[in-house]
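Take a walk through this chain, one part at a time. Keep the 3D view open as you read.

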Amino acid sequence: MRPTGSWLAELRRLTLFVFISTAVGWLLGFPAQLLALVLLLLLLRWLYQLLRLRRWLADPLQEPPEAPGIWGAIYDRLYQLQREARQGRAQLQSRLDYLQDSLSSMHDGAVMVSMAGSIEWSNAAAERLLGLRFPADRGQALLNLVRLPDFHRYFLAGDFQDPLQLRLKSEPEQFLQFAVTPFGSGDRLVFVRDVTKEARLEQMRRDFVGNVSHELRTPLTVIKGYLDTILANSGQLEPRFLRPLQQMEQQAQRMETLLKDLLWLSRIETVRSKARAEQVDVASLLQELESELQSSHPQRRLELQLECNERINGDYRELHSAASNLVLNACKYSKDDSIVTVRWRRQGQELLLSVEDRGIGIDPVHLPRLTERFYRVDDSRSSRTGGTGLGLAIVKHVAAGHNAQLRIDSKPGVGSTFTLAFPAPA
Ligand code: ADP
């Protein structure tokens, strides 16, 4: 029934009542009284319908009451709107159930945390990995139930760019990886994965590289020792053997540097960040590096700009090796007469150690892979310059161990700037 149609019918009915009651009242001799009586009855009828409407709205799941005219149309329309809203709600609920089902069946733990830090929802895997029980723990503060100090620091710091990997002191040892995604207005979704298998494989790989490098050192020292002795007495050698022996000695030297770098890298990877607790005076470290470079590369010009004297928590040897790798690269990949600028400065909440050269630069396509082990932009050039291909991998790992970031800014033909950005102490 169309509301305007029923509204017109209602108006027509009302006009008819008024007309008939006036006519009958006029015939009987008291038109005003009869009209007033009829209008009163009509008003009472409307009030009665309003009362029924109110009763029905108190319990709208019931069928709407039957009524003629405009009231029937109003009930029908309200009932229809209500049915649509119920259908919409059911659809929304089924989508929510679907979403929750998929999150619940996930192998990874998922926890929804409100802006205030309390648990809104968690899945079965979160119970297995973190001991959270849902719905019993709903409303509890996540940090009260997950008692892992490193996770507390990570969660409160609010920098979720990289996931956090933790080693639990459980039996057998277990590794968990946390990733947090902020959503809504300050809510967070915490994902937790068991990465024990991956962490063990990674450990095995590290141990293997470390052990192989270590084992290769002894035979190499023997070979190098004999070569050195033979070459020291080169006067007694047949001339045709001289060149091959010199090449062998050069390659043995390269191999020794490579093994040294590999062992150093595996040490940096295995040491835990907590062990890096020295107060390192970066300014004097750079001064030391400058004088070392002056004796090894007297032709190079190093410009040292020490704009702050802040110290950082870390490991002196590791920081020295990172800075020295960057400076040596800057020297290797630029002309002998060009300047290399090394700066140490504070910028906002960061302490920046940058090494800038005006050398060959790097094409942007290489930047994402530059810190991978043995990745080289130009193989022939790198081997000519005597690089092992491990320098930037060492720098990257030293940065990670010191909560620092390695930023590379480079333009082919113009030069490169490598920056280690450390968080400034509070
Ligand atoms: P390598 O021992 O070959 O120098 P690195 O890991 O130190 O190995 O560097 C990886 C590659 O990055 C180098 O082979 C070189 O191509 C490039 N590279 C590093 N530093 C610079 C720089 N300052 N200027 C230009 N290219 C660079």
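**A buried arginine, then outward**

Arg206 is buried, because its relative accessible area is 18% and the cut-off for buried is under 20%. Keep in mind that this is a predicted model. Arg206 is found in helix α7, which covers residues 196-232. What does Arg206 touch, not counting residues up to four places away in sequence? The answer is Ser266, Glu269 and Thr270.

Now turn to the nonpolar residues. In soluble globular proteins, nonpolar side chains tend to be buried together. Here, the largest nonpolar core has 43 residues. Leu286, Trp344, Leu353 and Phe422 touch the most other members. Several elements give two or more residues to this core. Among them are the helices α8 (239-270), α9 (282-296) and α12 (391-401). The strands β9 (339-347), β10 (350-357) and β12 (415-423) are also on the list. Which element gives the most? It is α10, with 7 residues. The core also draws on two domains, taking at least three residues from each of domain 3 (199-270) and domain 4 (278-423).

Zoom in on Phe422. Set aside its neighbours within four places in sequence. Phe422 is then in contact with Trp344 and Leu353, and its other contacts include Ile312, Leu319 and Leu351. Gln349, Glu350, His402 and Ala404 are in contact with Phe422 as well.

There is also a second, separate core, made of 23 residues. Ala126, Leu148, Val190 and Val192 are included in it.

Next comes a sheet. Strands of a sheet pair through backbone hydrogen bonds, either parallel or antiparallel. In this open sheet of 5 strands, the pairing is antiparallel. The order is β2-β1-β5-β4-β3. Why do β2 (119-122) and β3 (164-168) each have one side without a neighbour in the sheet? They stand at the edges, each with a single partner strand, so that side is left free of a neighbour. On average, neighbouring strands are turned by 25° against each other, direction ignored.

Look at one pair inside the sheet. Strand β1 (residues 109-113) and strand β5 (residues 187-194) run antiparallel and are joined by 5 bridges. Val111 stands opposite Val190 in β5. Helix α3 (residues 69-104) lies across β1, β2 and β5. It runs at about 70° to β2.

Finish at residues 16-44. An unreviewed UniProt entry places the feature "transmembrane region" there. In the model, this span is 93% helix and 0% strand. Its end C-alpha atoms lie 18 Å apart.

Methods:
Residues numbered from 1 in each chain as written. Predicted model: local features only at pLDDT ≥ 70, side-chain atom pairs only at ≥ 80, totals over all residues. Heavy atoms only, no water. Core = buried A, V, L, I, M, F, W, Y, C linked by side-chain atoms within 4.5 Å. Buried < 20%, exposed > 50% of the residue type's maximum accessible area, 1.4 Å probe, protein only. Helix = DSSP H or I, 4+ residues; strand = E, 2+ residues; numbered from the N terminus. Domains from an automatic or database assignment. Contact = heavy atoms within 4.5 Å. Pairing = 2+ DSSP bridges. Axes fitted to C-alpha atoms, helices over the stretch in contact; angles between N-to-C directions. UniProt positions renumbered as here; feature names shortened; annotations may be inferred.
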